[in-house]
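I opened my notebook to see what could be read from this structure. Here is what I looked up, entry by entry.

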Amino acid sequence: MAAGQPMISSSAEPYTWIWADAAYLREQAQRCTRLAHDCPHLPTAHELEAIGVELMQRAAELDHLQEEHDADQSPQK
């Protein structure tokens with residue numbers, strides 16, 4: 001998925017499109033990590049940490065795809 005490309009959410013409505021970019025995913029990952037550190041319920045804290053890690057990985061994937069896209073769009077010399 002390239003930056004600015006839609007993601008399908010897993011909400012109750014099928015095919016709900018959400019526009020996300022790497023910066024947004026990193027922000028949400030940091031939020032999950034902060035919540036995990038403040039959460040006294042260990043299973044919930046671990047799940048929040050796991051979500052944070054997954055969001056960071058997806059942000060890195062978006063960055064990589066954007067770099068590839070930018071390289072493909074650069075003028076040929």
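**Entry 1: a pair of opposite charges**

I started with Asp63, which forms a salt bridge with Arg26; their closest N and O atoms are 2.9 Å apart. This pair links distant parts of the chain, with Asp63 in helix H2 and Arg26 in helix H1, 37 residues apart. I should say early on that I am reading a predicted model. A reminder to myself: side chains of opposite charge can pair when their charged atoms come close.

Next I asked: is Asp63 buried or exposed? I found Asp63 partly exposed, with a relative accessible area of 29%. For Arg26 I also noted a relative accessible area of 29%, so Arg26 counts as partly exposed.

**Entry 2: the other salt bridge**

How many salt bridges does a search of the whole structure find? I noted two. Besides the pair above, I wrote down Glu54 and Arg58, whose side chains meet in a salt bridge at 2.9 Å, N to O. Glu54 and Arg58 are four residues apart in helix H2, so about one helical turn separates them. Glu54 is partly exposed, with a relative accessible area of 38%, and Arg58 counts as partly exposed at 37% relative accessibility.

**Entry 3: the whole protein**

I then stepped back to the full chain. I listed two helices and two strands in the protein. In what order do the elements run from the N terminus on? I wrote β-β-α-α.

Of the 77 residues in the protein, 18% are buried. I put the exposed surface at about 5,900 Å², with carbon and sulfur atoms supplying 56% of it. I also looked at contacts between residues at least 6 apart in sequence: 42% of these join residues at least 24 apart.

**Entry 4: a cysteine in a loop**

Where is Cys39 found? I located Cys39 in the loop between helix H1 (22–38) and H2. Its relative accessible area is 21%, so I marked Cys39 as partly exposed. Leaving out residues up to four places away in sequence, I saw that Cys39 touches Thr44 and Ala45.

**Entry 5: a negative patch**

Last, I checked charges on the surface. Glu67, Glu68, Asp70 and Asp72 gather there in a patch of negative charge. I picked Asp72 for a closer look, and placed this residue in helix H2 (residues 42–73). Why did I write "exposed" beside Asp72? Its relative accessible area is 59%, and the word applies over 50%.

Methods
Residues are numbered from 1 along each chain as its sequence is written. This is a predicted model: local features need pLDDT of at least 70, side-chain atom pairs count only at pLDDT 80 or more; totals for chains, interfaces and linings use all residues. Side-chain values use heavy atoms; hydrogens and water are left out. Patches are made of residues with over 30% relative accessible area and no salt bridge: like charges are joined within 9 Å, nonpolar side chains (Val, Leu, Ile, Met, Phe, Trp, Tyr) within 5 Å. Accessible areas come from the Shrake-Rupley method with a 1.4 Å probe; for residues, only the protein chains shown count as cover. A salt bridge is a side-chain nitrogen of Lys or Arg within 4 Å of a carboxyl oxygen of Asp or Glu. Lys and Arg count as positive and Asp and Glu as negative; His and the chain ends are not counted. The place of a charge is taken as NZ of Lys, CZ of Arg, CG of Asp or CD of Glu. Buried means under 20% relative accessible area, exposed over 50%, partly exposed in between (1.4 Å probe, protein chains only). Contact means heavy atoms within 4.5 Å.
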